[in-house]
Amino acid sequence: MEGLIVFLGLLLIGYVVGTQTEKSHVRDIEQREQKVRHVPVYNLSNCELVPPAQTSTMVVGSVVISSDYFKTVMASLLSLIGGRISVYEGLLERGRREALLRMKEEAIAWGASQVLNVRIESASLNGDTSNGLMAIEVMAYGTGIR
């Protein structure tokens, strides 16, 4: 019985701390997005002309982000019945937004006026030695021009 109480207590702590950490990260992302919104991002098709530029460089934003124990336990329970595992959707969304932000911040630091042809890649970092936690790397990259 004590083991179950300890497990539920740790699960509750994971939920509360994880939720607060996630909300704090989302607020930070929203504030930083306001600061970098003056740098437009375009994805050009093959038929479109590339805007004139003096110089260009590749700009990259990368982040590794992990879930908390509560979400890991919930995802394990949801995977038993199948279907959509919504507890990881917020994790992926924060990872994409953070990677794009870091890419745009690098572009601003370099002096880019816009970023072209942005691509987003993601990878799971769990491997075979996983302890059950979900960790992902998200990388955003594009061509900064000025």
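## Helix α1

The expected span of a helix is 1.5 Å multiplied by one less than its number of residues. In this predicted model, helix α1 covers residues 2-36, which amounts to 35 residues. From the first C-alpha to the last, α1 reaches 50 Å, close to the 51 Å expected at 1.5 Å a residue.

Eight positions need to be named on the buried side of the account: the buried residues of α1 are L11, G14, G18, E22, H25, I29, R32 and V36. These residues pack against three elements, namely β2 (56-66), α2 (69-81) and α3 (89-110). Charged residues are included in the buried set, with E22 and R32 among them.

## The nonpolar core

The largest nonpolar core comprises 18 residues, and within it the most contacts belong to Y88, L91, M103, V115 and I136. Two or more residues are given to this core by each of β2, α3, β3 (114-124) and β4 (135-145). The greatest contribution comes from α3, with four residues.

M103 shows how one core residue is surrounded. With neighbours within four places in sequence left aside, M103 is in contact with V59, V60 and G61, with V115 and V118, and with A140, Y141 and G142.

## Salt bridges around R32

The structure holds eight salt bridges. Side chains of opposite charge can pair when their charged atoms come close. In one of the eight, D28 pairs with R32, and the closest N and O atoms are 3.0 Å apart. Both residues belong to helix α1 and are four residues apart, about one turn of the helix. An α-helix has 3.6 residues a turn, so residues three or four places apart point the same way.

Are the two partners buried or exposed, in full or in part? D28 is partly exposed, with a relative accessible area of 30%. R32 has a relative accessible area of 15% and therefore counts as buried, the cut-off being under 20%.

R32 also forms a salt bridge with E98, again with the closest N and O atoms 3.0 Å apart. Because E98 lies in helix α3 and R32 in helix α1, this pair ties together parts that are 66 residues apart in sequence.

## The setting of E98

Which residues are in contact with E98, leaving aside its neighbours within four places in sequence? They are H25, I29, R32 and V63. Of these, H25, I29 and R32 are listed with the buried residues of α1. E98 itself, placed in helix α3, is buried, with a relative accessible area of 3%.

## A pair within α3 and the wider network

A further salt bridge joins the side chains of R96 and E93, at 3.4 Å from N to O. R96 and E93 both lie in helix α3, three residues apart, about one turn of the helix. R96 counts as partly exposed at 34% relative accessibility, and E93 counts as partly exposed at 34% relative accessibility.

Salt bridges that share partners join D28, R32, E98, R102 and E105 into one network. The two bridges of R32 described above, to D28 and to E98, involve members of this network.

Technical notes:
Residues numbered from 1 in each chain as written. Predicted model: local features only at pLDDT ≥ 70, side-chain atom pairs only at ≥ 80, totals over all residues. Heavy atoms only, no water. Buried < 20%, exposed > 50% of the residue type's maximum accessible area, 1.4 Å probe, protein only. Contact = heavy atoms within 4.5 Å. Core = buried A, V, L, I, M, F, W, Y, C linked by side-chain atoms within 4.5 Å. Salt bridge = Lys/Arg side-chain N within 4 Å of Asp/Glu carboxyl O.
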